[in-house]
Amino acid sequence: MDRVITDLVTQFDAGTLTRRQLVQGLTVLAAAGVAAPAAAQETPFKSTRIDHISIQTSNLQRSIDFYQKIFGLRVLNEDKENEIARMGDTKIIVSLHHKQPTAIVDHFAIAIDGFDRDATTKALAAHGLKAEQNLDYGFYVRDPEGVPVQIVPT
C-alpha cells in the first residue's frame, strides 16, 4: 500500500493528478485498509489488489514517454485502433486512452480471487448492483458515486 500512496503523491506533485483525484485515491485506500478485516467474512469477493488505473490523455505518445522515462514502465500491449496503451513492468499498472475528456482517471480495476463472470454478476445482483460491460471499462460495476470499478481476475 505504501507504494500506491507514493505513486499517487508523485503523480500529484508532477501535476498529472488533481487534488480531487489524489484525495479520492487516498480515500479508497484508507477505506479498503480500515474495512478489510471487518468486512472479510461478509463480502461476496476477496479483493487482492488494485489491478490498474485508466487515464484519458490528450497526447498518447507524450503520456507513454512520461511513464517510461519517469517510472520505468513499458508498453505491455496496445489497442492501436482504439488508441489505448497498457503499461507496466510485468503486469499492467496504467492504461492510457487517447480520448476526451482528457486529464481524468476514468476508472480503476480491482482484482478478485476466483473471478467468474456469471457468478460475479449474480453476486452483484444480490447486492442490488448491475454488472456491465463495455470497451472503456471492461466488466464493471459503478460505486455509489457512479465511478466505474472494473473487476478482473487475480
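This passage describes the salt bridges of the structure, the surroundings of one aspartate and a nonpolar surface patch. The model is a predicted one, and every value below was computed from it.

Three salt bridges are present in the structure. As a general point, side chains carrying opposite charges can pair when their charged atoms come close. A convenient place to begin is the pair formed by aspartate 136 and lysine 99, whose side chains meet in a salt bridge with an N to O distance of 2.5 Å. Aspartate 136 sits in the loop between strand E6 (132-134) and strand E7 (138-142), while lysine 99 sits in the loop between strand E4 (92-98) and strand E5 (104-112), so this pair ties together parts that are 37 residues apart in sequence. Both partners have some access to the surface: aspartate 136 is partly exposed at 24% relative accessibility, and lysine 99 is partly exposed at 26%.

A second salt bridge joins the side chains of lysine 80 and glutamate 78, here with an N to O distance of 3.7 Å. Lysine 80 has a relative accessible area of 65% and therefore counts as exposed. Its partner, glutamate 78, has a relative accessible area of 42% and is classed as partly exposed.

The remaining pair brings us to aspartate 51, a residue of strand E1 (residues 47-57). Its side chain forms a salt bridge with that of arginine 49, at 2.7 Å from N to O. The two side chains are also joined by a polar contact of 2.7 Å. How accessible are the two partners, buried or partly exposed? Aspartate 51 has a relative accessibility of 17%; because buried means under 20%, this aspartate counts as buried. Arginine 49, in turn, is partly exposed, with a relative accessible area of 29%.

Which residues surround aspartate 51, once its neighbours within four places in sequence are left aside? Aspartate 51 is in contact with Ile92, Ile93, Ala109, Ile110, Ala111 and Val152. Ile92 and Ile93 carry numbers that fall within strand E4 (92-98), and Ala109, Ile110 and Ala111 carry numbers within strand E5 (104-112).

Attention now turns from charged pairs to a nonpolar feature. Ile5, Val9 and Leu26 form a nonpolar patch on the surface, and together they have about 180 Å² of accessible area. Of these residues, leucine 26 belongs to helix H2, which covers residues 19-39. With a relative accessibility of 30%, leucine 26 is classed as partly exposed.

Conventions:
Residues are numbered from 1 along each chain as its sequence is written. This is a predicted model: local features need pLDDT of at least 70, side-chain atom pairs count only at pLDDT 80 or more; totals for chains, interfaces and linings use all residues. Side-chain values use heavy atoms; hydrogens and water are left out. Patches are made of residues with over 30% relative accessible area and no salt bridge: like charges are joined within 9 Å, nonpolar side chains (Val, Leu, Ile, Met, Phe, Trp, Tyr) within 5 Å. Accessible areas come from the Shrake-Rupley method with a 1.4 Å probe; for residues, only the protein chains shown count as cover. A salt bridge is a side-chain nitrogen of Lys or Arg within 4 Å of a carboxyl oxygen of Asp or Glu. Helices (H or I, at least four residues) and strands (E, at least two) are DSSP runs, numbered from the N terminus. Buried means under 20% relative accessible area, exposed over 50%, partly exposed in between (1.4 Å probe, protein chains only). A polar contact is a pair of N or O atoms within 3.5 Å; within protein, one must be able to donate a hydrogen and the other to accept it, and residues adjacent in sequence count only if both atoms are side-chain atoms. Contact means heavy atoms within 4.5 Å.
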